[in-house]
Amino acid sequence: MNQVYDRIILNGQVVLPGGTYRLDIGIIGGKIADISESLADSPADEMVDAEGKFVLPGMIDIHVHFNEPNFGHWEGFATGSSALAAGGCTTYADMPLNGNPPTVTPEALALKGELANGNSAVDYTFWGGLVPGKLDQLEKLAEEGVRGFKAFMSNPGGEGEGRFREVDDLTLYEGMKKIAALGGFVALHAESDAITSALAEQAILEGRTDARAFVASRPVIAELEAVNKAILFSEQTGCEVHFVHISSVEAVELIDRAKKRGIPVTVETCPHYLLLTDEDMADIGPAAKCAPPLRGREQKEGLWRLLAEGKLDVIASDHSPCPPELKLDESLSFLEAWGGIAGAQSSLELMLDEGFIKRGIPLHKLVELLSAGPAKRFGLYPQKGQIAVGADADLVLVDASRSYTLTEDQLWQRHKVSPYLGRNFACKVTTTLVRGITVYNEEQGVNPVKQGQLLLQPVHAPQQTP
Ligand SMILES: NC(=O)N[C@H]1NC(=O)NC1=O
Ligand SMILES: [Zn+2]
Ligand SMILES: [Zn+2]
């Protein structure tokens, strides 16, 4: 066959679902048209030499907070998605907070869509929100194509009237019944508000406001209590639950036991729970503050063990930035500083560095958590999330023979705050392609033409003809 390819990626170590092989990839019309041992002699408009590099499916980061509308000064679509592109992520799902209005009505969803359109470096979709008083909006959001609905079981913090609020038990239960009927799923920030707010209040009364006090105010039992309740609600309503940013071995095991009983649950953790500990949080300061908090070394090692055992489904960044003064102002105690880690650009490199290079976990196993797992969770698979003929050509080239130190000037996000500044990475993303288009390369940086497409299918839209 004498096909003319738009582009051929030559000589890379290509990470397929079952393993890593030296292969060439031919791209036509934004899709992977061929994967073969030699396309070197095939005609193509452009040849990309991937000699010595790994070629992976782009990461699919289903947990980021880009904060528009109205909180673009925290993080916006252009800067946030640029950080993702530079870090090897090709699709993301934006959370319904901390922008205002939060994405809990079709009007707010439309506003998100307008703000992201033309400003996103990579493809994207939106989470809706499940909050008290807005149960009647769920169906309308589903009509606009929303399938995932985020709820907080503890106080999400944040500023302003009309901001996103945590669910009470009845809203969660009733919401899950409705979402199940709509064919959707919920994502839960699973920490018990009763436990965390009482402990935080007690700490403040006792004048304990440092990093250690923060960790003590959000113990593992708070996570377990919330997970346990949500599993019960899932069992009772049939609603699928995705547990975001799980931080403890005990919670992953609880979720795993529920899966084995046939309850439709999935579990996510974040690079920071696998890379950092509570001691790092105290050393680095509020740049490493997140909720649930970073935990001890045994928890971190335990999460790696569970990852190796296949008990995790998704790795996501939970990129949740804020203006630097809300974290770094010296008048703020650790307890008062904004909780949220802004690590979007580093997720893939951290997982490859620590998981593949240092711990020897096969790349295709990591790709299951970074790409295929999240794509499946969001119904984007097999169009996205794997390297396969017919899939979108969403590809990342990684040089694993190059080490570098992360500095502020390399960060594409709105504010140059990251717990990974100064860290030495043993690999580097060199090129990111979305549907065959170069959205990032080392020499030129992020492509200024923002070609990311929205991946929502409103039910009333005319079906696209191929
Ligand atoms: N509101 C918000 O984004 N909170 C996030 N930050 C964090 O560390 N955990 C979260 O859920
Ligand atoms: Zn959360
Ligand atoms: Zn979050």
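**Exercise 1. Work out in which element N11 lies and what marks its backbone.**

Solution. N11 is found in strand β1, residues 7-16, where a strand is a DSSP run of E with at least two residues and a helix is a run of H or I with at least four, both numbered from the N terminus. Turning to the backbone, N11 is not a glycine, and yet its phi is positive, at about 65°. The model is a predicted one, in which local features need pLDDT of at least 70 and side-chain atom pairs count only at pLDDT 80 or more, while totals for chains, interfaces and linings use all residues. Residues are numbered from 1 along each chain as its sequence is written, chains are lettered from A and ligands numbered from 1 in the order in which they are written, and side-chain values use heavy atoms, without hydrogens and water.

**Exercise 2. Locate the cis peptide bonds L97 to N98 and Y381 to P382.**

Solution. Begin with the bond between L97 and N98, which is cis with omega at about 20°; N98 belongs to the loop between β7 (89-94) and α2 (106-116). Then take the bond from Y381 to P382, which is cis with omega near 10°; P382 is placed in the loop between α14 (363-377) and β15 (395-399).

**Exercise 3. Describe which residues hold the zinc ions, ligand 2 and ligand 3.**

Solution. Donors are N, O and S atoms within 2.8 Å of the metal (3.2 Å for Na, K and Ca), and sites may look incomplete, since water is not among the atoms. For ligand 2, the protein donors are H189 (ND1) and H245 (NE2), which lie 2.1 Å from the zinc ion. This pair links distant parts of the chain, for H189 is in strand β11 (residues 185-189) and H245 in the loop between β12 (240-243) and α8 (249-260), 56 residues apart. For ligand 3, the protein donors are H63 (NE2), H65 (NE2) and D318 (OD), at 2.0 to 2.2 Å, and their spacing in sequence is H-x1-H-x252-D. Here H65, in the loop between β6 (59-64) and α1 (77-86), and D318, in the loop between β14 (314-315) and α12 (325-328), are 253 residues apart. Finally, the two zinc ions, ligand 2 and ligand 3, are separated by 3.7 Å.

**Exercise 4. Describe the surroundings and polar contacts of ligand 1.**

Solution. First, 14 residues surround ligand 1 (each with a heavy atom within 4 Å of it), and the closest are N98, H189, A291, S320 and G339. Next, look for polar contacts, that is, pairs of N or O atoms within 3.5 Å. A side-chain N or O atom of S320 is 2.8 Å from an oxygen atom of ligand 1, while nitrogen atoms of the ligand have a backbone N or O atom of G339 at 2.9 Å and one of P156 at 3.0 Å.

Conventions:
A polar contact is a pair of N or O atoms within 3.5 Å; within protein, one must be able to donate a hydrogen and the other to accept it, and residues adjacent in sequence count only if both atoms are side-chain atoms.
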